[in-house]
Amino acid sequence: MSLFACTKCSAVENTACTTGYWPHKMDDKPVLCSECADGKWHGLFPKRLLKDTHYVVAKNGTLEPPGGWPAVGSAPPQPEKPDVQGR
Ligand SMILES: [Zn+2]
């Protein structure tokens with residue numbers, strides 16, 4: 001799942017949340033957010049325009065924070081939780 005900016009309205013959209021991305025991407029067409037592709041914003045997260053975010057467009061056309069996404073697995077390991085006890 002990646003973020004991209006809608007070609008039509010420049011809304012920040014998730015590739016998994018719209019029908020307007022992959023089929024269009026494959027055909028080299030403009031990529032659309034759910035509102036432009038389906039007529040209705042999906043509501044899974046607030047619609048924001050690219051200029052209202054700090055995202056930058058990466059080489060592959062998707063969006064990322066300045067400096068890129070944190071590397072996968074860079075989060076510190078979670079301490080193991082002891083079994084629930086004392087009941
Ligand atoms: Zn749009």
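Helices (H or I, at least four residues) and strands (E, at least two) are taken here as DSSP runs, numbered from the N terminus. By this reading, the protein chain holds two helices and four strands, and their order along the sequence is β-β-α-α-β-β. The structure is a predicted model, in which local features need pLDDT of at least 70 and side-chain atom pairs count only at pLDDT 80 or more, while totals for chains, interfaces and linings use all residues. Residues are numbered from 1 along each chain as its sequence is written.

The overall dimensions come next. The C-alpha trace of the protein chain spans about 60 × 30 × 25 Å along its principal axes. The radius of gyration, which is taken over C-alpha atoms, can be set beside a globule rule of 2.2 Å times the number of residues to the power 0.38. For a compact globule of 87 residues the expected value would be near 12 Å, but the protein chain has 18 Å.

Burial gives another view of the chain. A residue is called buried if 20 or more other C-beta atoms lie within 10 Å of its own, exposed if 12 or fewer do, and partly exposed in between, with C-beta atoms placed from the backbone. Buried residues account for 16% of the 87 residues in the protein chain. Contacts can be followed in a similar way: two residues are in contact if their C-beta atoms, placed from the backbone, lie within 7 Å. Of the contacts between residues at least 6 apart in sequence, 40% join residues at least 24 apart.

Some of the buried residues gather into nonpolar cores, a core being a set of buried Ala, Val, Leu, Ile, Met, Phe, Trp, Tyr and Cys residues joined through C-beta atoms within 7 Å. In the largest nonpolar core there are 10 residues, namely Leu-3, Phe-4, Ala-5, Cys-6, Ala-11, Val-12, Tyr-21, Val-31, Leu-32 and Cys-33. Strand E1 gives the most to this core, with three residues. In soluble globular proteins, nonpolar side chains tend to be buried together. One core member, Leu-32, is in contact with Cys-6, Thr-7, Lys-8, Thr-18, Gly-20, His-24 and Ala-37, leaving aside neighbours within four places in sequence.

Strand E2 offers a helpful example of a buried position. Glu-13 lies in this strand, and Glu-13 is buried because 31 other C-beta atoms are within 10 Å. Beyond its neighbours within four places in sequence, Glu-13 is in contact with Leu-3, Phe-4, Cys-6, Thr-18, Cys-33 and Ser-34. The C-alpha atoms of Glu-13 and Leu-50 are 9.2 Å apart, although 37 residues separate the pair along the chain.

Other positions are less enclosed by the burial count. Ser-2 sits in the segment before strand E1 (3–5) and counts as partly exposed because it has 15 C-beta neighbours inside 10 Å. Not counting residues up to four places away in sequence, Ser-2 touches Thr-15 and Thr-62. Between the C-alpha atoms of Ser-2 and Pro-79, which are 77 residues apart along the chain, the separation is 29 Å. Ala-16, in the loop between E2 and H1, is exposed because 12 other C-beta atoms lie within 10 Å. The C-alpha atoms of Ala-16 and Met-1 are 5.8 Å apart in space, with the two residues 15 apart in sequence.

Further along the chain, Arg-48 belongs to the loop between H2 and strand E3 (56–57). Arg-48 counts as partly exposed because 13 C-beta neighbours lie inside 10 Å. Residues up to four places away in sequence aside, Arg-48 touches Ala-11, Val-12 and Thr-53.

Two loop residues deserve a look for their backbone angles. Most residues other than glycine have a negative phi, and most peptide bonds are trans. Ser-10, in the loop between E1 and strand E2 (12–14), has a positive phi of about 65° although it is not a glycine. Asp-28 lies in the loop between helix H1 (22–26) and helix H2 (34–38), and its phi is positive too, near 65°. As for their surroundings, Ser-10 is partly exposed because 14 other C-beta atoms are within 10 Å, whereas Asp-28 counts as exposed because it has 7 C-beta neighbours inside 10 Å.
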